[in-house]
Amino acid sequence: MPVLPTLFMWLTVAVKQEFNSNRLTPSILRTMTNLALITLLLSQGIVTAFTGYFLWKVLNSPPESTENLTQDSDGDVA
Amino acid sequence: MSSNQESWGSRLGLILAMAGNAVGLGNFLRFPVQAIQNGGGAFIIPYLVCFLLMGIPLLWVEWATGRFGGKKGNHSTPFILHELDPKRALWKYVGVFGIFTNIAVAAYYCYLESWTLNYVWMFIQGGFNGMGQDGVANYFSSYITLNQNYTAIYFWLLCLFLNTYILSKGLSGGVEKAAKVGMPLLLLFGLFLAYKGITLKAGEFGALLDGTVGLNFLWTPNFDSIWNTKVWLAAAGQIFFTLSVGMGSIQCYAAYVRSKQDIALNAMSAGWMNEFVEVVLGSSILIPIAIGYLGVDQVVELTKSGGLGLGFKTLPYLFTQWGPWMGAVAGICWFGLLFFAGITSSLAMGTPVMAFLRDEFGWKRGASAWTFGLIVLVLGAPTVFFFNEGVFDEYDYWAGTVSLVLFALLEVILFAWVFGMDQGWKEINEGADMKIPTVYRFIIQYVTPLILLAVFLGSLPDILSKIQNPGNHYVQGARILLLALYAGIAYAVYVAYRRRKARI
């Protein structure tokens with residue numbers, strides 16, 4: 001889908017602009033307590049790290065053969 | 001023997017379909033509300049513990065039983081469970097839950113899914129522009145009471161048609177393609193809204209507070225809550241709902257995995273992807289935006305009745321504050337992501353029913369898909385027409401809550417104690433692309449069944465009080481329908497078993 005790369009690029013530009021304008025960092029520091037920030041970073045960090053790790057393992061595991069794709073009873077390639 | 005020999009087209013497609021099965025509306029509407037009500041940031045401790053000790057083991061057990069059944073031509077839980085202990089007739093009827101739950105949950109879930117489709121349409125049309133907060137809330141109320149010229153019924157039928165049509169295209173041609181489109185879009189929409197949520201600035205577009213105030217409120221831990229059993233039961237319940245375990249759909253998807261293909265790493269990838277959507281995206285949208293506009297006290301009050309009201313009655317109004325263009329984009333993203341989360345789950349609910357009809361009665365793919373659609377239409381109609389009379393909630397309680405826990409408890413006992421951990425462990429590890437920590441052998445055998453037993457016993461008082469309270473006539477009718485559905489499927493399993501024996 002060509003629309004997806006475009007949207008991703010658009011999102012990246014928006015995020016870059018946000019960090020360049022330095023709005024998010026002071027907002028987090030001003031409104032969030034250290035405890036809440038640490039809990040957020042730890043929880044989301046753990047979950048993101050494991051998700052990334054397992055996906056990376058899948059993408060780097062030996063490619064599986066698609067030779068034994070079967071035909072279903074309706075005659076279509078499944 | 002089964003003539004049903006479908007298979008997944010690619011590994012990534014399988015993982016996305018499994019993750020899509022798990023990611024549902026609850027990831028965005030239920031999780032943040034549960035966190036707020038059960039200790040804020042501290043909720044993540046029992047939540048992750050339950051994920052490690054109950055969620056992951058159940059994922060492995062369900063993937064392994066599914067692949068094991070698939071090797072012998074069984075793709076739905078009645079005969080997958082029967083294959084684990086062929087000497088006892090009982091397990092076939094336990095396996096009935098794996099079809100019953102999917103039909104009953106699909107019956108009300110498709111209706112819920114159709115709301116999101118209608119809201120996408122409303123944002124495309126600019127239908128919420130200029131409406132006040134009460135106007136948006138009233139739209140929802142009149143929508144579900146069918147006062148919008150039957151719009152709700154049209155969208156429900158459209159949603160049901162979409163589900164059935166995709167299912168009729170088969171696993172790789174329908175379900176897998178839908179997951180490959182739906183999941184990346186869901187992630188993209190979620191990232192965009194999470195970004196908008198946490199960068200919401202007080203004073204801009206009418207916001208009272210920064211979005212990060214909502215994050216702070218959600219993630220501030222109340223460590224006292226960790227010692228509360230209610231919080232642990234809530235965490236275990238959330239893990240159930242979020243992973244779609246105890247339903248029979250994971251076994252069905254896994255039954256189409258090739259006999260030597262990895263399940264250990266696939267299960268982890270799909271499971272953790274669901275956690276990413278829930279913990280990272282789910283916590284960064286609804287609450288930060290709602291608190292940014294309404295303040296902490298009002299949001300706490302609104303979440304007392306769950307996340308549905310906040311998601312459908314309040315958030316559309318808040319999006320319109322961002323202006324007509326950005327409001328429409330945000331609204332389409334929010335309800336679009338809920339729709340994709342919903343449809344990838346409801347497709348998984350149709351597959352076990354189709355698999356049963358194809359395996360046991362030799363039905364064609366199209367016929368079994370349209371039959372599933374028809375059953376859901378008939379069974380779902382009471383949830384549409386008598387929503388306010390409590391039929392929707394009754395289905396959700398018995399099929400979407402009690403059945404899941406009971407089925408998961410029985411299947412893990414069957415796997416670890418009857419099939420046996422020696423065979424079970426071998427089955428999980430066969431073809432594995434990762435080394436599973438040996439401690440999980442002990443956890444699957446002892447810890448997971450004990451947690452499931454505790455969850456079941458913890459919910460017993462509520463179950464008993466429900467049974468003692470007959471409710472109104474509509475609720476009683478819903479219970480009779482559900483009982484009739486279970487009995488009907490059990491009879492079909494009995495007939496299928498007799499046919500198998502006759503063939504031998």
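Phe205(B) is placed in the loop between α10 and α11 (211-219) of chain B, where helices are DSSP runs of H or I of at least four residues and strands are runs of E of at least two, numbered from the N terminus. The model is predicted: local features need pLDDT of at least 70, side-chain atom pairs count only at pLDDT 80 or more, and totals for chains, interfaces and linings use all residues. Residues are numbered from 1 along each chain as its sequence is written, while chains are lettered from A and ligands numbered from 1 in the order in which they are written.

Although Phe205(B) is not a glycine, its phi is positive, at about 55°. Because 16 other C-beta atoms lie within 10 Å, Phe205(B) is partly exposed; a residue is buried with 20 or more such atoms within 10 Å of its own C-beta, exposed with 12 or fewer, and partly exposed in between, with C-beta atoms placed from the backbone. Ser244(B), in the loop between α12 and α13 of chain B, likewise has a positive phi, near 55°. Ser244(B) is buried, with 27 other C-beta atoms within 10 Å. Most residues other than glycine have a negative phi.

The predictor gives the complex an ipTM of 0.91 and a pTM of 0.91. For chain B the mean pLDDT is 93, and 99% of the residues reach 70 or more; pLDDT is the predictor's confidence in each residue, from 0 to 100. Among the elements of this chain, helix α12 (residues 229-243) has the lowest mean pLDDT, 90, and helix α13 (residues 249-255) the highest, 97.

Chain B contains 22 helices and zero strands. Its C-alpha trace spans about 75 × 50 × 50 Å along the principal axes. The radius of gyration of chain B is 22 Å, in agreement with the value near 23 Å for a compact globule of 504 residues; the radius is taken over C-alpha atoms, and the globule rule is 2.2 Å times the number of residues to the power 0.38. Buried residues make up 58% of the chain. Of the contacts with a separation of 6 or more, 84% join residues 24 or more positions apart, a contact being a pair of residues whose C-beta atoms, placed from the backbone, lie within 7 Å.

Helix α1 (residues 11-22) of chain B has 12 residues and an expected span of 16 Å, which agrees with the 17 Å between its end C-alpha atoms; the expected span is 1.5 Å times one less than the number of residues. Of the 12 residues in α1(B), 10 are buried, among them Arg11(B), Leu14(B) and Asn21(B). The cover over these buried residues includes α3 (34-60) of chain A, as well as α10 (171-198), α12, α13, α14 (264-281) and α18 (324-361) of chain B. In α18(B), 32 of the 38 residues are buried. The end C-alpha atoms of α18(B) are 53 Å apart, in agreement with an expected 56 Å. Just after this helix, Gly362(B) takes a positive phi of about 65°.

Arg30(B) occupies the loop between α2 (25-29) and α3 (31-37) of chain B. With 22 C-beta neighbours inside 10 Å, Arg30(B) is buried. Beyond its neighbours within four places in sequence, Arg30(B) contacts Gln238(B), Phe241(B) and Gly307(B). Arg30(B) and Gln238(B) are 208 residues apart in sequence, yet their C-alpha atoms are 8.0 Å apart.

Terms used. Contact = placed C-beta atoms within 7 Å.
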